[in-house]
Structure formats: C-alpha cells, structure tokens
Amino acid sequence: MSRYASIGTNGPSRRTIVSTAATPSTALAQHWCALSALHDGIADHIERRLEAAHGLSVREFSLLTVLDRQAPGRHLQMRQVAEAVVLSQSATTRLVTRMEDRGLLQRTICADDRRGIYTDVTESGRKLLTDAKPTHDRALAEALETARKNPEFTPLVEVLERIGTE
C-alpha cells in the first residue's frame, strides 16, 4: 500500500510515493523521500514568489546570499562557489555569467594567482538581495506552515525550526 506525500502549493506539486508498510531498511528511504518532497515543495513555492516579485530564481538568490556573506576582502573561488550552491562548476559558471550580464555580480582575477577568478556581488546585486530577503522569508514561512499540516512533514518542519535555536 502506498500514498502520496506532497506540499499543497498553488502550482504543480511534486509528489513522492511513500509506502505505508515499511521495514526498518525501507523506513530510512521513506524518510528521505519525505525530506526530498518537502524540499522540492518549499523550493517551488519560494521560486514562484521570488520570480514574481523580483525576477530572481532560488539558485540566484542562494548565490547572492553566499557571496554577500563573505567578509570584506575575502573571496571564494569558482570551485568553492559551486560547492556552496550545489551546482557543477560548468553550471555555476553559466549562472554567474547570466547574473554578471544582469549587473548583479562582478568577476575579478586574483592578484596573487592570475588563474584564480573571484566573484563578488555588485551594489545592484546587494540591493536586489536586500529587497528579495523579506519575500524569501515570507515564502519560506508560508511553505513551512502548509507543510506542517501534512503528518508526513510535521516532524521534519519541527526539526528545521529547532535548528539554530538550541
């Protein structure tokens, strides 16, 4: 017997088949499927809100956030950026290029190692990030509140809320 677990969003929802008859070895897989469905539903909800209000994807928001958190004078190499936003190096390069073309990012060559390329947020990128953060946070709260109503997701939402408060 199986059932679908999904976050009820306004757009097409992603569904994960979750078996209700679980052995210990499949229980972990079911929890992983629930976590994956929760992540996908939240990301979809945030994506729609960021796109509509700011013309920004979740990946672009994540990249701006990662780069903006760097201490002054500290830079990430493209390999580190790729790891931080969980993309391949080639996908990260394409993303950075698109955002650079929009004036949100700027690449510079490392003075110490001419092979190194750094990426920094421009003032336009910082302004867009500042404007988009409240939209992101509201969308996240909405998606979590919706997810909390699904018994499959309730424990996951509760764990997320505890992270950082302990």
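## A guided tour from Thr122 outward

Begin by selecting Thr122, which sits in the loop between strand E4 (117–121) and helix H5; the model you have open is a predicted one. Thr122 counts as buried, because its relative accessibility is 14%, and the cut-off for buried is under 20%. Now display the side chain of Thr122 together with the backbone of Gly125, and you will find a polar atom of that side chain 3.1 Å from the backbone nitrogen of Gly125. If you then set aside the neighbours of Thr122 within four places in sequence, the residues in contact with Thr122 are Gly103, Leu104, Leu105 and Gln106.

Two residues of that group, Leu104 and Leu105, lead to the next stop, which is Met99. With neighbours within four places in sequence again left aside, Met99 is in contact with Leu104 and Leu105, and also with Glu60, Leu63 and Leu64. Met99 also belongs to the largest nonpolar core, a set of 31 residues in which Leu56, Leu63, Leu64, Leu67, Met99 and Leu105 touch the most other members. To see where this core draws its residues from, colour helix H1 (24–54), helix H2 (58–68), helix H3 (78–85), helix H4 (89–101) and helix H5 (123–148), the elements that each give two or more residues to it. Of these, H5 provides the largest share, with 7 residues. In soluble globular proteins, nonpolar side chains tend to be buried together.

Stay on helix H5 and select Ala139, which has its place there. Ala139 counts as buried, since its relative accessibility is 1%. Once neighbours within four places in sequence are left aside, Ala139 is in contact with His45, Ile46 and Arg49. A distance label between C-alpha atoms is instructive here, for those of Ala139 and Arg48 are separated by 8.9 Å, although the two residues are 91 apart along the chain.

Next, turn to the largest pocket, which holds about 890 Å³ of space. Which residues should be selected to find its centre? Of the 24 residues that line this pocket, His39, Ala43, Val58, Ser62 and His136 are the closest to the centre. Two or more lining residues come from each of H1, H2, H3 and H5, and the largest share, 9 residues, comes from H1. If you colour the lining by residue class, you should see 14 nonpolar, 4 polar and 6 charged residues.

For a contrast in accessibility, move to Val86, in the loop between H3 and H4. Is Val86 buried or exposed? Val86 counts as exposed, because its relative accessibility is 62%, and the cut-off for exposed is over 50%. Its backbone also deserves a look, as the phi of Val86 is near 55°, a positive value in a residue other than glycine. Most residues other than glycine have a negative phi.

Finally, zoom out and switch to a cartoon view of the protein chain, which has 6 helices and 4 strands. Tracing the protein chain along its sequence, you will meet these elements in the pattern β-β-α-α-α-α-β-β-α-α. Of its 166 residues, 36% count as buried. If you map contacts between residues at least 6 apart in sequence, 50% of them join residues at least 24 apart.

Notes. Residues are numbered from 1 along each chain as its sequence is written. This is a predicted model: local features need pLDDT of at least 70, side-chain atom pairs count only at pLDDT 80 or more; totals for chains, interfaces and linings use all residues. Side-chain values use heavy atoms; hydrogens and water are left out. A nonpolar core is a set of buried Ala, Val, Leu, Ile, Met, Phe, Trp, Tyr and Cys residues joined through side-chain atoms within 4.5 Å. Buried means under 20% relative accessible area, exposed over 50%, partly exposed in between (1.4 Å probe, protein chains only). Contact means heavy atoms within 4.5 Å. A polar contact is a pair of N or O atoms within 3.5 Å; within protein, one must be able to donate a hydrogen and the other to accept it, and residues adjacent in sequence count only if both atoms are side-chain atoms. On a 1 Å grid over the protein atoms alone, a cavity is a set of points where a 1.4 Å probe fits but cannot get out, and a pocket is an open set with protein on both sides within 12 Å along at least five of seven lines; lining residues have an atom within 4 Å of a point. Grid points are joined across faces, edges and corners, and a volume is the space filled by probe spheres set on the points. Ala, Val, Leu, Ile, Met, Phe, Trp, Tyr, Cys and Pro count as nonpolar, Asp, Glu, Lys and Arg as charged, and the others, Gly among them, as polar.
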